Amino acid sequence: MKIPTRKLLAGTFAALTCFAMAADRGTDITFTGWVLDSACAYTKGLDKPIGVACAKACAKNGSPLVLLRDDGTIFMPIDDKTPSASQNARLLPFAGKRVTVTGKDYVRNGSHGLVIDKISK
């Protein structure tokens, strides 16, 4: 069965339009919080890191660094490029410190992924 070119193009356009509308564009966000390792953020229920040396040691040992907002929300720093890369190198200078972050928040099933635009002490 041969599909007419016009119908094929219309179907392709409709599918791509639906896909584009379904893509999450993220929400612009700015907040102040702490940079700490993910294991401490999830297992120890900390309000802030134990210390700079501890956060840096965990990160250098492979634990992903995350951002902990004052209300307890944990943001996993993510890359918006493909293939994606770890954000630990970018966050390591701030490990264990309080920072202000601006970026795009992507929420899925209660989990927050953050593409960082700017981070400062």
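**Group meeting: a walk through the strands**

Phe 31 is buried, and Phe 75 is buried too. I'm opening with those two because we'll come back to them, and please keep in mind that this is a predicted model.

So what are they doing together? If you search the whole structure for aromatic pairs, you find one. That pair is Phe 31 with Phe 75, and it's stacked, with 4.5 Å from centre to centre and 20 degrees between the planes. Phe 31 comes from strand β1, residues 27-37, while Phe 75 comes from strand β3, so the pair ties together parts that sit 44 residues apart in sequence. There's also a charge involved: the charged end of Arg 69 sits over the ring of Phe 31, 5.9 Å from the ring centre.

Okay, let me zoom out. The chain has four helices and five strands. Starting at the N terminus, the order of elements is α-β-α-α-β-β-α-β-β. There are 121 residues in the chain, and 32% of them count as buried. As for the surface, the accessible area is about 8,000 Å², with 59% of that belonging to carbon and sulfur atoms. And if you take contacts between residues at least 6 apart in sequence, 65% of them join residues at least 24 apart.

Now the strands, one pairing at a time. β1 and β2 run antiparallel, joined by five bridges. If you want a spot to click on, Asp 37 stands opposite Leu 65 in β2. How much of β2 is buried? Four of its five residues, 65-69, are, so the strand is largely enclosed by the rest of the structure.

Next, β2 to β3. Those two are antiparallel as well, with two bridges between them. Here's Phe 75 again: in this pairing, Leu 67 stands opposite it. β2 and β3 make a hairpin with four residues in between, and Gly 72 in that turn has a positive phi of about 95 degrees.

On the other side of the story we have β3 with β5. β3 is residues 74-77, β5 is residues 111-120, and they pair in the parallel sense over three bridges. Who does Phe 75 partner in β5? Its bridge partner there is His 112.

Then β5 pairs with β4, residues 98-108, antiparallel this time, over nine bridges. One position to look at is Thr 102, which stands opposite Lys 118 in β5. β4 and β5 form a hairpin too, with two residues between the strands, and the turn residue Asn 109 has a positive phi of about 50 degrees.

Last stop is His 112, since I know histidines get people's attention in this room. It's in strand β5. Buried or exposed? His 112 has a relative accessible area of 17%, and the cut-off for buried is under 20%, so His 112 counts as buried. Its side chain makes a polar contact with the side chain of Asp 105, at 3.0 Å. Setting aside neighbours within four places in sequence, the residues in contact with His 112 include Thr 73, Ile 74, Phe 75 and Met 76, and also Asp 105, Tyr 106 and Val 107.

So if you open the model this afternoon, I'd start at Phe 75. You can look at its stacking with Phe 31, then at Leu 67 opposite it in β2, then at His 112, its bridge partner in β5. That's my tour, thanks.

Definitions and conventions. Residues numbered from 1 in each chain as written. Predicted model: local features only at pLDDT ≥ 70, side-chain atom pairs only at ≥ 80, totals over all residues. Heavy atoms only, no water. Pairing = 2+ DSSP bridges. Buried < 20%, exposed > 50% of the residue type's maximum accessible area, 1.4 Å probe, protein only. Polar contact = N/O pair within 3.5 Å; in protein donor to acceptor, adjacent residues only side chain to side chain. Contact = heavy atoms within 4.5 Å. Phe/Tyr/Trp six-rings, centres within 6.5 Å; stacked < 30°, edge-to-face > 60°. Lys NZ or Arg CZ within 6 Å of the ring centre and 35° of its normal. Areas by Shrake-Rupley, 256 points an atom, 1.4 Å probe, with all protein chains shown as cover.
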